[in-house]
Amino acid sequence: MRRFGNRSQLEAIQDPFALAAELRLLGFPNSSSYRNTLARYYPFPASLAAEGVDEESFYRNLGYFLGRYREDNPEKFDNYDLSDVETSAVIADLWERIVTPTLEAGQLFRENATMTRMLTSLSPEEMTRDPVFSFNPDLPMVSNEHEATFEFICGPEQDGINGTPGILELADGRRFYVADQSGWATDAVSEAPFSQRIEVLAEEGLPRVEVDNAPILFDPPGQGAGCTCAAPPSRRPLLGLALLGVMGLVALRRRR
């Protein structure tokens with residue numbers, strides 16, 4: 001069965017109760033938008049509220065409450081009248097609010113090889129302009145996969161893997177030292193900036209760098225480390241790495 005069913009067949013259903021039962025079998029999401037749309041046509045029975053049923057549960061299980069439950073408890077629906085409900089209006093509303101946006105979003109994934117996603121927040125007093133989303137065709141492709149290698153520094157004094165120091169090496173050769181596994185979670189970050197680089201993007205051309213914290217976050221890469229390493233490399237790069245989250249896939253190996 002096609003998700004959301006056939007619109008013309010649903011519009012042919014004249015009985016609001018039968019329509020509620022049919023919607024139960026289709027792939028409509030259990031979202032607030034879906035429940036709010038149903039609430040415009042199917043009022044929440046006061047008898048169910050008196051028994052402790054909340055509105056969200058009622059609309060999430062509308063087909064059950066107006067179907068099998070109503071048949072088993074007809075006295076609770078004596079004054080429940082849906083004679084003014086036009087089922088075609090219900091379907092039209094669902095198609096406008098739920099079906100069409102969902103199908104169009106799915107089509108975007110099928111038609112585009114790459115997608116971008118952004119999450120941000122802004123205080124009301126800082127919103128001096130309306131947000132606008134656009135595309136810049138001049139920007140280079142960016143991979144969503146980042147690989148790194150974590151190398152344990154073995155020695156007789158180490159107590160298992162969790163107490164073993166190690167070095168994380170990125171694909172560009174930068175190396176970050178950590179004294180033990182707990183160091184990743186406990187290392188202080190209060191003195192490190194929260195961004196490596198802040199850029200301004202336009203609708204064409206390359207980004208304009210506003211702030212570049214790379215010199216603060218990254219020291220020159222070290223010259224190797226192992227069981228004979230006398231001193232760890234600088235810990236400052238570790239802070240920047242923790243903030244930026246540049247590690248995607250980490251391959252673990254132990255130096256013999």
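Let's start with two helices, α2 and α8. Helix α2 covers residues 16–24 and helix α8 covers residues 87–111. Their axes come within 10 Å and cross at roughly 30°. Axes here are lines fitted to C-alpha atoms, for helices over the stretch in contact, with angles from 0 to 180 degrees between N-to-C directions. So α2 and α8 are roughly parallel to each other. On that scale, angles under 35 degrees are roughly parallel, over 145 roughly antiparallel, 65 to 115 roughly perpendicular, and the rest oblique.

Who makes the contact? From α2, it is P16, L19 and L23; from α8, it is T87, V90, I91 and L94. Contact means heavy atoms within 4.5 Å. Those residues divide into six nonpolar, one polar and no charged. The classes: Ala, Val, Leu, Ile, Met, Phe, Trp, Tyr, Cys and Pro are nonpolar; Asp, Glu, Lys and Arg are charged; the others, Gly among them, are polar.

A word on the model. It is predicted, so local features need pLDDT of at least 70 and side-chain atom pairs count only at pLDDT 80 or more, while totals for chains, interfaces and linings use all residues. Residues are numbered from 1 along each chain as its sequence is written, and side-chain values use heavy atoms, with hydrogens and water left out.

Now the overall picture. The chain has 11 helices and six strands. These are DSSP runs numbered from the N terminus: helices are H or I with at least four residues, strands are E with at least two. Of the 256 residues in the chain, 29% are buried. Buried is under 20% relative accessible area, exposed is over 50%, and partly exposed is in between, with a 1.4 Å probe and protein chains only. Take the contacts between residues at least 6 apart in sequence: 57% of them join residues at least 24 apart.

Back to α8, from another side. T37 lies in helix α3, residues 32–39. T37 is buried, with a relative accessible area of 0%. Leaving out residues up to four places away in sequence, T37 touches D93, L94 and R97. T37 and V90 are 53 residues apart along the chain, yet their C-alpha atoms are separated by 8.0 Å.

Next, the aromatics. How many aromatic pairs are there? The count comes to 12. Rings of Phe, Tyr and Trp (its six-membered ring) pair if their centres lie within 6.5 Å; planes under 30 degrees apart are stacked, over 60 edge-to-face, and the rest tilted. One pair is F58 with Y59: edge-to-face, 4.9 Å centre to centre, 75° between the planes. Both F58 and Y59 are buried. Another pair is Y64 with Y69: tilted, 5.9 Å centre to centre, 55° between the planes. Y64 is partly exposed, at 33% relative accessibility. Y69 is buried, at 12%.

Those four residues belong to one aromatic cluster, formed by F17, F44, F58, Y59, Y64, F65, Y69, F77 and Y80. One member, F17, has a charge over its face: R70 lies there, 3.7 Å from the ring centre. The rule for that is NZ of Lys or CZ of Arg within 6 Å of the ring centre and within 35 degrees of the ring normal.

Three single residues to finish. First on my list, F4. F4 has a positive phi of about 75°, although it is not a glycine. F4 sits in the segment before α1, which is 7–11. Is F4 buried or exposed? F4 is buried, at 0% relative accessibility.

Then D81, in the loop between α7 (68–72) and α8. D81 is exposed, at 55% relative accessibility. The C-alpha atoms of D81 and P43 are 9.1 Å apart, with their positions 38 residues apart along the chain.

Last, S143, in the loop between α8 and β1 (147–152). S143 is partly exposed, with a relative accessible area of 45%. S143 and T114 are 29 residues apart in sequence and 9.8 Å apart in space, C-alpha to C-alpha.
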